[in-house]
Amino acid sequence: MYHSEIIGCGMYVPEKVVTNHDLSQMMDTTHDWIVQRSGIEERRWVDAQTSTTDLALKACEEAIKNAGIDKKDIDCLLFATISPDHDFPGNACFLQPKLGLTEIPAIDVRQQCSGFIYGMSMADAFIKCGQYKTILLVGAEVHSKGLNKTTAGRDVAVLFGDGAGAVVIRRAESGSSKILSTHLFAEGMHAKELWAAAPGSGLGSDERINHQHIEAGLQYPSMNGKKVFANAVRRMCECLNLALETNHLKLEDIDLFLFHQANLRINQMMAQELKIPEEKVFNTIMKYGNTTAATIPIGMSEAVKAGKLKKGTLVASAAFGSGFTWASSIYRW
Ligand code: UT7
């Protein structure tokens, strides 16, 4: 079996900053409510011309540069997103030519907030079994074009932002695997607790989307916030403990915790429950909101810039999101 390692990361967020005060001009909300309930102070939104693959391209270019590889070495492209440029084909197919690549497999991962760790797990397995050697994995989202920006959608609209993060995962030349473990879970019976119903073939109509669907707002995400919150804390703690157990590690052995960024309170509660010192948990949600599949690789890039993620750092990540899906990974930088 071969070994895998992350050799570089990159990120990109659009320039336009949208503050909580900006949102309060569009819907009945306040800066204080958003900060108290979620920790979010601002997020980034794209302009009309920019798509998810545009953000992904910039994050990928930075990851390729930081990895110090020739992009021609990339033999597989994985793209985690729930806000693609078009209904089909998948976003990896649109990104591949933008990157100047041809013929390599271009695969979309649709596991929402857990999408990046699901993608890491796939990349790790591809490398360990010898199928591919140099995998580019990107998580990118443009949520701002899919939110209900009126008071009716305020519980969801204030949480999400646009952004992209990418990593290059490569077969290690020597030593042991630096991706120590990945654990993936799903419980589809809760799929409708956080979802966007349309467009879709499951709407009991003969079109995937029609005017009635749009008038009913079925194209917008809807969420049972309290249920998602409670499950996020429980499941992320569970799968993090499983990851530690699998690797015969203790919490104190982990140098840095890079969790999914859905709500600062979720991450604070996890830290409290697991007794993790606050300075070991790296959060970016204050600046970017929830960028779904992009939160963890954005966190990697920001942690590198902040000097918290260096060669040898032992990192634990966990994510929870729509599906319900959840996942964890432990890796050495
Ligand atoms: O990535 C994974 C997916 N997402 C998550 O993990 C998110 C999980 N859930 C959450 O983060 C929280 O549940 C929210 C931040 C969404 C909501 O916080 P909450 O403390 O659970 O608030 P709530 O839903 O109980 O709402 C409390 C009140 C309600 O008013 P009433 O019924 O008490 O009069 C809401 O209508 O706050 C109201 N509310 C708002 N008020 C101002 C809901 N959204 C807003 C808003 N601004 N944006």
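Two strands are taken to pair if DSSP finds at least two bridges between them. Helices (H or I, at least four residues) and strands (E, at least two) are DSSP runs, numbered from the N terminus. The structure is a predicted model, in which local features need pLDDT of at least 70, side-chain atom pairs count only at pLDDT 80 or more, and totals for chains, interfaces and linings use all residues. Residues are numbered from 1 along each chain as its sequence is written, and side-chain values use heavy atoms, with hydrogens and water left out.

The protein chain is assigned domain 1 (3-172) and domain 2 (179-332), with bounds that come from an automatic or database domain assignment. The centres of the two domains, taken over C-alpha atoms, are 14 Å apart. Their contact (heavy atoms within 4.5 Å) takes 50 residues from domain 1 and 45 residues from domain 2.

A convenient place to start is the five-stranded sheet. Its strands follow the order β1-β7-β6-β4-β5, and the sheet is open with mixed pairing. Because β1 (4-12) and β5 (106-109) are the edge strands and have a single partner strand each, one side of each is left without a neighbour in the sheet. On average, neighbouring strands here are turned by 20° against each other, direction ignored; axes are lines fitted to C-alpha atoms, for helices over the stretch in contact, and angles run from 0 to 180 degrees between N-to-C directions. Strands β4 (residues 76-80) and β6 (residues 134-141) run parallel and are joined by five bridges. Within this pair, L77 has L136 of β6 as its bridge partner. Helix α4 (residues 91-98) packs on the sheet, where it touches β4, β5 and β6, and its direction makes about 130° with that of β4. Helix α11 (residues 295-305) lies across β1 and β7 (163-171) and runs at about 90° to β1.

A second open sheet, also of mixed pairing, has four strands in the order β8-β13-β12-β11. Its edges are β8 (179-186) and β11 (256-259), each with a single partner strand, so one side of each has no neighbour in the sheet. Neighbouring strands of this sheet are turned by 10° against each other on average, direction ignored. Four bridges link β11 and β12 in the parallel sense, and F257 stands opposite A316 in β12. Helix α11 packs on this sheet too, touching β11, β12 and β13 (325-332), with its direction at about 145° to that of β11.

Attention can now turn to the pockets. On a 1 Å grid over the protein atoms alone, a pocket is an open set of points where a 1.4 Å probe fits, with protein on both sides within 12 Å along at least five of seven lines, and lining residues have an atom within 4 Å of a point. Grid points are joined across faces, edges and corners, and a volume is the space filled by probe spheres set on the points. The largest pocket holds about 1100 Å³ of space. Of its 32 lining residues, I82, S83, P84, R110 and A196 lie nearest the centre. Both domain 1 (3-172) and domain 2 (179-332) contribute to this lining, so the largest pocket lies between them.

The second largest pocket has a volume of about 500 Å³. Among the 25 residues lining it, L159, M223, G225, F229 and N263 are the closest to its centre. Helix α8 gives the most to this lining, with six residues.
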